[in-house]
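Here are my notes on the model you sent round. I've kept them as numbered points so you can reply to each in turn.

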Number of protein chains: 2
Amino acid sequence: MVRAGLSTERLVRAGAELADEVGFEQVTVSALARRFDVKVASLYSHLKNSQDLKTRIALLALEELADRAADALAGRAGKDALSAFADVYRDYAREHPGRYEAARFRLDPEAAAASAGGRHAQMTRAILRGYDLAEPDQTHAVRLLGSVFHGYVSLEAAGGFSHSAPDSQESWTRILDALDSLLRNWPTP
Amino acid sequence: MVRAGLSTERLVRAGAELADEVGFEQVTVSALARRFDVKVASLYSHLKNSQDLKTRIALLALEELADRAADALAGRAGKDALSAFADVYRDYAREHPGRYEAARFRLDPEAAAASAGGRHAQMTRAILRGYDLAEPDQTHAVRLLGSVFHGYVSLEAAGGFSHSAPDSQESWTRILDALDSLLRNWPTP
DNA sequence: GCCATTTGCCTAAACCCTTTAGGAAGCAGC
DNA sequence: GCTGCTTCCTAAAGGGTTTAGGCAAATGGC
């Protein structure tokens, strides 16, 4: 009986791949066990339960996404930074749909606190330093950007913009232009 | 043996209520059977399968949402229409979280075509008549609005904006102001 | 009011996923 | 080569999905 060499690390990584292949919803402990050609119960030495697996995949995705975003942001400012940051989200979602779904997985407060969520918020604020927004407008703008990025990417993933003109890439570009313009001319009531 | 008086109609309606109570993910044929105090297999006379149930709940939610939006839009234009329309989405999601999740359920192309999805798109376009946008910018704007509304509401539902100042209502108001301003000053490249 | 047909709900059973308990074999350090 | 920890296993219970086949309640024609 040769051992499979499982570890939490390997399982989570394989789970993320599985998510990209079949969708995050379909990631099950059973499917993962099949992938390692191992009995289901064996995974429970490395994973607390199914929820634990999903949480860990979500944390992995958030971390990867934050790393990419940090990379993209380095040395950029203003519209340049805005576009680069937005593209990171969109590209990640297209390359890794399952992981992206995972990143949207509702974490319990404890996991959320330990997640890269804070880095994401910090980076969004960093982008806004290129625009002239004081609080509380800066926070409103952070929320707007988060909404647009997440909303667009998830509608696109759901197929909302395919099979109709103009193509999605064009809308994306023009929406980023529009957001840049909006941030430069943020209305005061 | 008294009959329970099941029907597809009643099951879907009860399924929608169940979704609001426990979340759309937790809506199962079994849970629904328990609610009617009936054996699980009995539901399969009225429902093709679990997917069918979820699809029908999604269609119901989309229909309700479109009805409310149509109501809100009647007699309004410009910013007034924009705000009323946006509030319909947000309020519906807060009143009926499970149904709102359902409305975001990925439908198969056939169901999507038969859904109220088209009405939603039409209404968004109607709002933009109050602004001066020619194609293809109108389509870009439709996509932007859809992204913001969906994105904001779903981040809010995930608890993203709670427990931090300024409160969500204020951001929402200011974001609608910002969108109105953006639509009135849509940048041309 | 009776009977035949339709319909609605049931039992039974197969299959899959989750999770826990307890056991045996691999591997490391001495 | 023994000791003990870890890894993986078998077994079993519990829940959800789905199909097949059966009996009883409702319905409508006479």
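1. Start with burial in chain A: of its 189 residues, 52% are buried. Bear in mind throughout that this is a predicted model. As for the fold, chain A has nine helices and zero strands, so there is no surprise in the pattern along the sequence, α-α-α-α-α-α-α-α-α. The C-alpha atoms of chain A fit a box of roughly 70 × 40 × 30 Å along the principal axes. If you look at contacts in chain A between residues at least 6 apart in sequence, 71% of them join residues at least 24 apart.

2. How are chains A and B related? A turn of 180° with a shift of 0.0 Å along the axis lays chain A on chain B, with an RMSD of 0.1 Å. That is what a two-fold axis gives. To find the axis on screen, go to Gly151(A): among the residues of chain A, its C-alpha comes closest to the rotation axis, at 1.9 Å. The copies meet through the same surface, because 100% of the interface residues of chain A are interface residues in chain B as well.

3. On to the DNA, beginning with strand C. There are 21 residues around DNA strand C, and the ones that come nearest are Ser50(A), Arg3(B), Gly5(B), Lys39(B) and Ser42(B). Helix H2 (residues 29–35) of chain A supplies the largest share of the surface near this strand, three residues. By residue type, the surface near DNA strand C splits into nine nonpolar, eight polar and four charged. Of the strand C atoms within 4 Å of the protein, 63% are sugar or phosphate, and the rest belong to bases.

4. Some phosphate contacts on strand C deserve a look. A polar backbone atom of Ser30(A) sits 2.9 Å from a phosphate oxygen of DNA strand C, and a polar side-chain atom of Arg34(A) is 3.1 Å from a phosphate oxygen of that strand. From the other chain, an N or O atom in the side chain of Ser42(B) is 2.4 Å from a phosphate oxygen of DNA strand C. I'd like to hear what you make of that last distance.

5. Now strand D. Which residues come nearest here? Of the 21 around DNA strand D, they are Arg3(A), Gly5(A), Ser42(A), Arg3(B) and Ser50(B). Sugar and phosphate make up 65% of the strand D atoms that come within 4 Å of the protein. This time helix H2 (residues 29–35) of chain B gives the most to the surface, with three residues. The residues of the surface near DNA strand D divide into nine nonpolar, eight polar and four charged.

6. The phosphate contacts on strand D involve several chain B residues. A backbone N or O atom of Ser30(B) is 2.9 Å from a phosphate oxygen of DNA strand D. For Arg34(B), an N or O atom in the side chain is 3.2 Å from a phosphate oxygen of the strand. Tyr44(B) has a polar side-chain atom 3.0 Å from a phosphate oxygen of DNA strand D.

7. What does the UniProt record offer for chain A? An unreviewed entry places "domain: HTH tetR-type" at residues 5–65. In the model, that span is 62% helix and 0% strand, and its end C-alpha atoms lie 28 Å apart. UniProt also lists a "DNA-binding region", again from an unreviewed entry, at residues 28–47 of chain A. Residues 28–47 are 35% helix and 0% strand, with their end C-alpha atoms 12 Å apart.

8. Two loop residues in chain A to finish. Ala74(A) lies in the loop between helix H3 (50–73) and helix H4 (78–95). Is Ala74(A) buried or exposed? Its relative accessibility is 56%, so Ala74(A) counts as exposed. Ala74(A) and Ala84(A) are ten residues apart in sequence, and their C-alpha atoms are 9.8 Å apart in space.

9. His96(A) is in the loop between H4 and helix H5 (97–103) of chain A. With 19% relative accessibility, His96(A) counts as buried, the cut-off for that being under 20%. Setting aside neighbours within four places in sequence, His96(A) is in contact with Asp20(A) and Arg68(A).

Methods:
Residues numbered from 1 in each chain as written. Chains lettered and ligands numbered in written order. Predicted model: local features only at pLDDT ≥ 70, side-chain atom pairs only at ≥ 80, totals over all residues. Heavy atoms only, no water. Least-squares fit on C-alpha atoms with pLDDT ≥ 70 in both. Contact = heavy atoms within 4.5 Å. Near = heavy atom within 4 Å. Polar contact = N/O pair within 3.5 Å; in protein donor to acceptor, adjacent residues only side chain to side chain. Helix = DSSP H or I, 4+ residues; strand = E, 2+ residues; numbered from the N terminus. Nonpolar A, V, L, I, M, F, W, Y, C, P; charged D, E, K, R; others polar. Buried < 20%, exposed > 50% of the residue type's maximum accessible area, 1.4 Å probe, protein only. UniProt positions renumbered as here; feature names shortened; annotations may be inferred.
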